[in-house]
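Thank you all for coming. I would like to walk you through one protein model, and I will go slowly, pointing at things as we reach them.

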Amino acid sequence: MRELRIIVATADAERLRGALVLASAQAALGGRASIFLQLDAVALLAPTFEAPRDAAHGEAGLPTLRQLIAEASGLGVALLACQSGMALHGIGAQDLPDDIAVSGPIAFLQETSEEARLIFA
């Protein structure tokens, strides 16, 4: 199975939610998956951030954004926060959940093989 690599470039919680669901499905099927949160998307990882639609998702019996992040990580999805985005939003490495790595666009692309599926969300 080809690796799935997703770039989330905006602070849109629903785009990240969709990326997490796809990456988790990939991991559940035995494939490798990574999500790179670039620049403003890193704001979605701030400890004080609450996704606007979490209540609606909860009422429908669906997980919150934080729960999806934890579930994806538990399935082995690599979650990567852009170092520049962290600086832009005043987020330190200590503010991130333990399972989120700090990276950058060059490293992310260097680790992306020719065979990988690269999606921009």
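I will begin with the sheet, then turn to the helix that packs on it, and end with the charged side chains.

Please keep in mind throughout that what you see is a predicted model. If you look at the strands, you will find five of them forming an open sheet, in the order S4-S3-S2-S1-S5, with parallel pairing. The edges of this sheet are strand S4, residues 100-103, and strand S5, residues 117-120, each of which pairs on one side only. From one strand to the next, the twist averages 25°.

Let us now take the neighbours in turn. Strand S2, residues 33-37, and strand S3, residues 78-82, run parallel and are joined by four bridges, and within this pair you can see Leu-37 standing opposite Ala-81 of S3. S1 is joined to S2 by five bridges, again with the strands running parallel, and here Arg-5 has Ser-34 in S2 as its bridge partner. To get from S1 to S2 the chain passes through H1, and the β-α-β crossover that results is right-handed. S1 also runs parallel to S5, to which four bridges join it, and in that pairing Ile-6 is partnered by Ile-119 of S5.

How many of the five residues of S1 are buried? Five of the five are, and S1 is therefore described as mostly covered, since a residue counts as buried when its relative accessible area is under 20%. The cover extends to both faces of the strand, with Leu-4, Ile-6 and Val-8 buried on one side and Arg-5 and Ile-7 buried on the other.

Now to the helix. Helix H1, which spans residues 13-28, packs on the sheet and touches S1 (4-8), S2, S3 and S5, and its direction makes about 170° with that of S1.

One residue of helix H1 that I would like you to find is Arg-17. Is Arg-17 buried or exposed? Its relative accessibility is 4%, so Arg-17 counts as buried. Leaving aside residues up to four places away in sequence, Arg-17 touches several others, among them Ala-51, His-57, Pro-63 and Leu-68.

This brings me to the salt bridges, of which there are five in the model. Arg-17 forms one with Asp-54, where the closest N and O atoms are 3.0 Å apart. This pair links distant parts of the chain, with Arg-17 in helix H1 and Asp-54 in helix H2, residues 54-59, the two being 37 residues apart. Asp-54 is buried, as is Arg-17.

Arg-17 has a salt bridge with Glu-14 as well, and there the closest N and O atoms are 3.1 Å apart. Here both residues lie in helix H1, three residues apart, which is about one turn of the helix. Glu-14 has a relative accessible area of 31%, so this residue is partly exposed.

Finally, please return to the start of the chain, where the side chains of Glu-3 and Arg-5 meet in a salt bridge at 3.4 Å, N to O. Glu-3 and Arg-5 are both buried. Together with Arg-32, these two residues are linked in a network of salt bridges, and Arg-5 is also the residue we met earlier as the bridge partner of Ser-34 in S2.

Key:
Residues numbered from 1 in each chain as written. Predicted model: local features only at pLDDT ≥ 70, side-chain atom pairs only at ≥ 80, totals over all residues. Heavy atoms only, no water. Pairing = 2+ DSSP bridges. Axes fitted to C-alpha atoms, helices over the stretch in contact; angles between N-to-C directions. Contact = heavy atoms within 4.5 Å. Buried < 20%, exposed > 50% of the residue type's maximum accessible area, 1.4 Å probe, protein only. Salt bridge = Lys/Arg side-chain N within 4 Å of Asp/Glu carboxyl O. Right-handed = clockwise from strand over helix to strand, strands pointing away.
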